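Here's a friendly walk through a structure you may not have met before. Take a look at the picture, then read on.

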Amino acid sequence: MRKMFFVCLAVVLAAGAVLRASAAEAAPKEFVVGIPKITDSFAFFTTTNGYETFSMAQVYDTLVTKDENGRTVPMLAEKFEMSDDAKTYTFYLRKGVKFSNGKELKANDVRYSIEQLMTSAFTSWIYEPLIDKIELTDDYTVKLRLKKTSVSFIEYLSNAYYSAILSEEAAKEFGDKYGTTPETVVGTGPYVLKEWKFGEYCVYEANESYYLGAPSIKRARLKVISDVNAAIIALQTGEIHAFFDDIPGLFYDQIASAKNVKLASFPSTILFTSFMNCRGGIFADRGMREAVAYATDRSMMLIVGAEGKGAVADYPGNRQGYTEGDPVLKDAWTYQPDMGKAKKLVEEAGMAGKSVLIKTYATDPYPKLATILQQSLTQAGLAAEVRQMERSAFIDEVLGKGDFEIQICRWAAAGKDIDEILAGSLHTDSIGAPGNWSFYSSKEMDSLLDAAAAETDPGKRREIYTNVVKLYVKDIPAIPFYYPNGSRAYSDAVKAKDSMVEYNKFYDYAWVE
Amino acid sequence: MLVPMLLAIIFIVYGIMSLTPGDPAQLILGTRASPEAIAGLRHEMGFDKPFVVRYGEYVAKAARGDFGNSWRTGRPVFQVIAGRFPTTIKLSLAAVVLAVLVGVPLGVLAAVKQYSIFDVIGTTIAMFMASIPGFWFGLMAILFFSLKLRLLPSNGADSLKHYILPAVTLAIPVAASLLRLTRTTMLETIRQDYIRTARAKGQTEGKVIFRHALKNALLPVVTATGMEFGGLLGGVVTIETVFSINGVGMLIIDAIRMKDIPQVTGCAIFLAASFMILMLFVDILYAYIDPRIKASYQKMN
C-alpha cells in the first residue's frame, strides 16, 4: 500500500513537472520596450500623435511605408501610381488582408480612414487642403484626386504619425468606445493588442497570419519609462530590450562602454534654429540679421547643444542628403563666424548698445544655446539678454503671436520631403504657429515654393529648391544651427536593421538566436 | 472647514492655470494644426468662454460631484487619478512605515543615551540623511543594487521588489527628520518630574522610557509623520522620474505641462481632501495616544 502511494506520488510529481516545463516552453519570451509615453486611446483619428503613435503603429498599417533605404514602398497597397501631373494617386490594395476581427480589408475601409484623416483635428492640416475626392473603382482600388499637384503627398501617407487604415465596420460598431479597451482595437498590423494598463503598459501578441510574414518576436510589451537615464540602466540590466526615443549625445559614451547595449543613430528631422522676427523690431533690418549670421558659431551650437552628435545644417532640410528632393548643396551658408564683420554691421545699422531679448524654452538644450547666442550678440555690440519660457507660453506668445525679436527653438518636420520643410518654414501662408516662425514674407520666395510644389520633374524640382536655398541664405530669416542625430538604443539580445529602428516598430526586431 | 478650503484651492489652482499664457488646444493638437481645428477644440473644451463663466460652471458641476474629463485623455479626471493613486499610496506608506521604524527607535536611543556614541552616530547619520538629495541617492542605489549586484529592479512598480529602492530613497529624509524630532521631544520628556517619580517608584528603565516617556513624547512625532505622509501622497516627482514610476506626481506635472486644467484642478482637490482627511485621522489618533486629550473631549461632551 505504502509502495503504491509513493509510486502514485512520483507519477503525479513527474506529470506536474512535465506540464510545467511545457507551459514554460509555450510562453514566448517577451520583448520589453521602454517609451516615454503610451497612448491614451487607440482611436487613431482622435488621439494625440506624439509618442502615442507608437502604441498604435504596432496594430495599424498604412497604405505605403518606408524601406531601409528611405524609399516609399507598398504596404497595404500592393502597388500605387501617381499621375503625370501628380494630382491623382491610385492605390491597388492587397487581396486577402485580414483585420484582427477576421474581416477582409476593402477599399471602403481606406476611404473611411482617409475621410477621417481629412477631418481629424490632428491631421486635417495635411489632408484637408490637398484631397479633393476619394473614388473607389472596385473593392481593391482607391483613387485620390488632389486639389493641387503634390509630389510629397505620399510622404504623409507612409508616416505612422499621420496615417493609419482602420476598419470602417469596427469603428462604426464600437462608436465612441472604439479603441478604449483591447477588445475594441481592430487593425491589420503585425501585432494584436492583448492587454493595456492605462498610463503604464501595453502588451501585444504577434499576428501569425500577417500578410508580410509572421513577426519574429511573438510577444511584446511597451512600457512607460519617462527618463532616459532610467531607460539606459534598464537596458543594461536587461529589464527592457529597446528604448523608443532618442538618446541624447551626452549618453553615447555610457552606452558605448556598456557591453550589452547597442546604439543606432540616424539624421533626425529636427532642426535647431534661431529665428529672427522679420516682421518688425530690430531684426526687420536685413543688415542686423546678417550681423547675427556672422556673429554665430554654428559648430559651437552643435557641440554645446548635442555634444557634437549631429551635423551643422546650412538650410532647412539639409540633412546629409537624407531629405527627399534636397538639392544637397555644399557650403550653401556663406556666413562664416567673423565678429569684426558682425560688429561693423551692427554699427552701420546704428544699433550698437541696443538691447535685444532672446526668448527660448526653459528645457535643455535651449538655455545653453541661448547663452552662447547671448555671448555672440554681446560681442557684436548688442546688449543681449535671455528669457527662458515655459513651453505653452512660448508657443502662444512667440510662435503664435510673433511677440519676439530673436528666439531659439526646434523645427520638427513631420516627413522627410523638402517641400514640407521649406514651404512650412518660409512660405507666407505658414506664418505663425504653422511653421514660418520668422514671420518672413517674400513674394519671390512664395512663387518659388509654389513652383517647386507643382513641379513633378525631380531635376527641375531640385533646381527650384536650389534657388529657394539661395534666397534663404540671402534674406537670412533664421540661422540654421544643426540637425542632432536621432538614435535608438537596444539590447544585444535582439537584432534590428539600423536603418529601420527610427520607425519604432516591433516588427523590425528579432531575437538573437 | 473642508468645503471652504477646497473652494479656495479650486479658485487658486483654476485661476493660475487659466490666467497663465498658453493655449491648451494648441498644445494638444500641435503647433501646425489648422486654426479651425484649434478653434473647434477650444470650443469643445469651453476654453473660448471668459474665465469667470468657466470657473462658475466648473464649481457648479464640481458641487454635484462632476469634476469633468481630462482635456488630453478625455477620461474622467478621478478615473485617471484612481489609476495612479494606488501606486503612490503604496510607495508613500512603505516609505513612512520604514521611516518610523528607523527614525523613532534611533531617536529614542539618541535621547536616552544623550552624548553617548549612539547619540553622536545617530545625529550625524540623521544630518547626512537629511542632506542627501533624493534623486542622487536613488540613482546611486540603482547603480549599485540594480546594475552592479542585479538584486533589485531599477524601474517600474510591478511587484513588491520594485518598491524597495524607491521606498528606501523616499524614507531616508523622513527618517532623518523623525529621528531628530523624536530625540528632541524625548529629551524634553525624560527631564519631566513624572519621569523622576516613575524612576523613584522603582520602575524598570524600559518601562520608564517606553510606557511613560515615549508615549508623551510621541505627539509631535505623530503630527510630523502625518504631515510627511500627506506630503508624499502628492507624489514625489524626482523619485517617480528616477524610478520611472507612474504615480500622482508625474500625472500632475504632465497635466500642468499640457495645461490640462480639469486634470490639474482635480488632482489638487483630491490631494487637498486626502491631506485634510489624513490630518483628521492624526487628530483622532491623539486621543488614543494621550489620555489627557481623550479626557478633555469626554469633558466637553
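A residue counts as buried when its relative accessible area is under 20%, as exposed when that figure is over 50%, and as partly exposed in between. Keep in mind that what you're looking at is a predicted model. With that cut-off, 48% of the 301 residues of chain B come out as buried.

So what is chain B built from? It has 14 helices and zero strands. Read from the N terminus on, then, its elements are α after α, right to the end. Chain B is also more spread out than a compact globule, because its radius of gyration is 24 Å, well over the 19 Å that the globule rule gives for 301 residues. Taken along the principal axes, the box filled by its C-alpha atoms is roughly 85 × 60 × 30 Å.

Now for the surface of chain B, starting with a nonpolar patch. Ten names make it up: B:Leu93, B:Val97, B:Leu101, B:Val102, B:Leu106, B:Leu109, B:Ile117, B:Phe118, B:Ile121 and B:Ile125, and together they have about 860 Å² of accessible area. Two elements give two or more residues each to this patch, namely α5 (77–112) and α6 (117–131) of chain B. Which of them gives the largest share? That would be α5(B), with six residues. B:Ile125, for its part, sits in helix α6 of chain B.

There's a charged patch as well. B:Lys207, B:Arg211, B:Lys215 and B:Lys294 form a positive patch on the surface. Helix α10 of chain B (residues 205–233) supplies the largest share here, three residues. One residue in that helix is B:Lys215.

Chain A gets a brief visit too. A:Lys133 is found in its strand β6, which covers residues 131–138. Along the chain, A:Lys133 and A:Asp297 are 164 residues apart, and 49 Å separates their C-alpha atoms.

How buried or exposed are the three residues picked out along the way? Here they are side by side.

| Residue | Element | Relative accessible area | Class |
|---|---|---|---|
| B:Lys215 | helix α10 of chain B | 43% | partly exposed |
| B:Ile125 | helix α6 of chain B | 40% | partly exposed |
| A:Lys133 | strand β6 of chain A | 45% | partly exposed |

Why does B:Lys215 get the class it does? Its relative accessible area is 43%, and partly exposed is the class between under 20% and over 50%.

How values were computed: Residues numbered from 1 in each chain as written. Chains lettered and ligands numbered in written order. Predicted model: local features only at pLDDT ≥ 70, side-chain atom pairs only at ≥ 80, totals over all residues. Heavy atoms only, no water. Patch = residues over 30% accessible without salt bridge, like charges linked within 9 Å, V, L, I, M, F, W, Y side chains within 5 Å. Areas by Shrake-Rupley, 256 points an atom, 1.4 Å probe, with all protein chains shown as cover. Salt bridge = Lys/Arg side-chain N within 4 Å of Asp/Glu carboxyl O. Lys, Arg positive; Asp, Glu negative; His and termini not counted. Charge placed at Lys NZ, Arg CZ, Asp CG, Glu CD. Helix = DSSP H or I, 4+ residues; strand = E, 2+ residues; numbered from the N terminus. Buried < 20%, exposed > 50% of the residue type's maximum accessible area, 1.4 Å probe, protein only. Rg over C-alpha atoms; globule rule 2.2 N^0.38 Å.
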